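Here are my notes on the model, point by point. Please keep the coordinates open as you read.

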Amino acid sequence: KSAYSCGDLENAQQLSELVLRECCCIEDKLHIYFLLVMILNSRGEGMNAYTTCEEVLSQLGETIPQSMGSEQANRMIESTSKMTQNISESVLSEMDE
């Protein structure tokens with residue numbers, strides 16, 4: 001995070017990839033994957049960032065739909081709202097990091 005915050009994107013990416021190789025379970029990797037996607041976007045590598053997100057979602061048993069109708073979108077929003085309704089604002093703000 002420090003290298004990313006200082007604008008040293010290349011070093012931040014290398015360190016993130018090192019940490020990902022050393023972590024054993026997806027739960028330990030999620031924060032680093034989030035940081036890696038931020039780094040990739042900052043470096044103008046949006047497609048690599050998207051691919052990384054797809055890979056992580058796949059590991060979690062999820063997919064990104066190719067298209068979504070309004071009814072499906074409404075169900076997804078409702079489901080997400082229910083999942084997050086009991087999470088405190090401080091926890092949600094930490095997720096942005």
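1. How many positive and how many negative side chains does the chain have, and how far apart do the centres of the two sets lie? There are 6 positive and 16 negative side chains. The centres of the two sets lie 3 Å apart. Bear in mind that this is a predicted model.

2. Overall fold. The chain holds 6 helices and 0 strands. In sequence order the pattern reads α-α-α-α-α-α. The C-alpha trace spans about 45 × 30 × 25 Å along its principal axes. Of contacts between residues at least 6 apart in sequence, 43% join residues at least 24 apart.

3. Surface and burial. The chain has 97 residues, and 20% of them count as buried. About 7,300 Å² is exposed. Carbon and sulfur atoms supply 52% of that area.

4. Main core. Which residues make up the largest nonpolar core? The set has 9 residues: Leu20, Ile26, Ile32, Tyr33, Leu36, Val37, Leu40, Ala49 and Val56. Helices α3 (26-42) and α4 (46-59) each supply at least two residues of this core. The largest share, 6 residues, comes from α3. Another core, of 5 residues, lies apart from this one. Its members include Ala3, Ala12, Leu35 and Ile39. In soluble globular proteins, nonpolar side chains tend to be buried together.

5. Ala49. This core residue has contacts with Val37, Leu40 and Asn41, leaving aside neighbours within four places in sequence. Val37 and Leu40 are themselves listed in the largest nonpolar core.

6. Leu20. This residue is found in helix α2 and belongs to the largest core. Is Leu20 buried or exposed? Leu20 counts as buried because its relative accessible area is 11%, and the cut-off for burial is under 20%. Not counting residues up to four places away in sequence, Leu20 touches Lys29, Ile32, Tyr33 and Leu36. Ile32, Tyr33 and Leu36 are also core members. Ser5 is 15 residues from Leu20 along the chain, and their C-alpha atoms are separated by 19 Å.

7. Gln13. Helix α2 (residues 9-22) also holds Gln13. Gln13 has a relative accessibility of 11%, so this residue counts as buried. Which residues does Gln13 contact, leaving aside neighbours within four places in sequence? They are Leu36, Ile39, Leu40, Arg43 and Glu45. Leu36 and Leu40 are in the largest core, whereas Ile39 is in the other one.

8. Leu30. Helix α3 contains Leu30. Why does Leu30 count as partly exposed? Its relative accessibility is 33%, and partly exposed covers the range between under 20% and over 50%. Beyond neighbours within four places in sequence, Leu30 is in contact with Val56 and Leu60. Leu30 and Val56 are 26 residues apart in sequence. Their C-alpha atoms are 8.1 Å apart in space. Val56 is one of the residues of the largest core.

9. Cysteines. How many disulfides are there? The count comes to 0. Cys25 is in no disulfide, and the nearest cysteine sulfur, that of Cys24, is 7.0 Å away. Cys25 is partly exposed, at 29% relative accessibility. Why is Cys53 not bonded to its closest cysteine? The closest cysteine sulfur is in Cys23, 17 Å from that of Cys53, which is too far for a bond because a disulfide needs sulfur atoms within 2.5 Å. Cys53 is also partly exposed, with a relative accessible area of 30%.

10. Thr63. This residue sits in the loop between α4 and α5 (70-84). Is Thr63 buried or exposed? Thr63 has a relative accessible area of 67%, so this residue is exposed. Thr63 and Cys53 are 10 residues apart along the chain, with C-alpha atoms separated by 9.5 Å.

11. Glu55. Helix α4 holds Glu55. Glu55 is partly exposed, with a relative accessible area of 45%. Ser67 is 12 residues from Glu55 along the chain, and the C-alpha atoms are separated by 18 Å.

Note on methods: Residues are numbered from 1 along each chain as its sequence is written. This is a predicted model: local features need pLDDT of at least 70, side-chain atom pairs count only at pLDDT 80 or more; totals for chains, interfaces and linings use all residues. Side-chain values use heavy atoms; hydrogens and water are left out. A nonpolar core is a set of buried Ala, Val, Leu, Ile, Met, Phe, Trp, Tyr and Cys residues joined through side-chain atoms within 4.5 Å. Buried means under 20% relative accessible area, exposed over 50%, partly exposed in between (1.4 Å probe, protein chains only). Helices (H or I, at least four residues) and strands (E, at least two) are DSSP runs, numbered from the N terminus. Contact means heavy atoms within 4.5 Å. Accessible areas come from the Shrake-Rupley method with a 1.4 Å probe; for residues, only the protein chains shown count as cover. Lys and Arg count as positive and Asp and Glu as negative; His and the chain ends are not counted. The place of a charge is taken as NZ of Lys, CZ of Arg, CG of Asp or CD of Glu.
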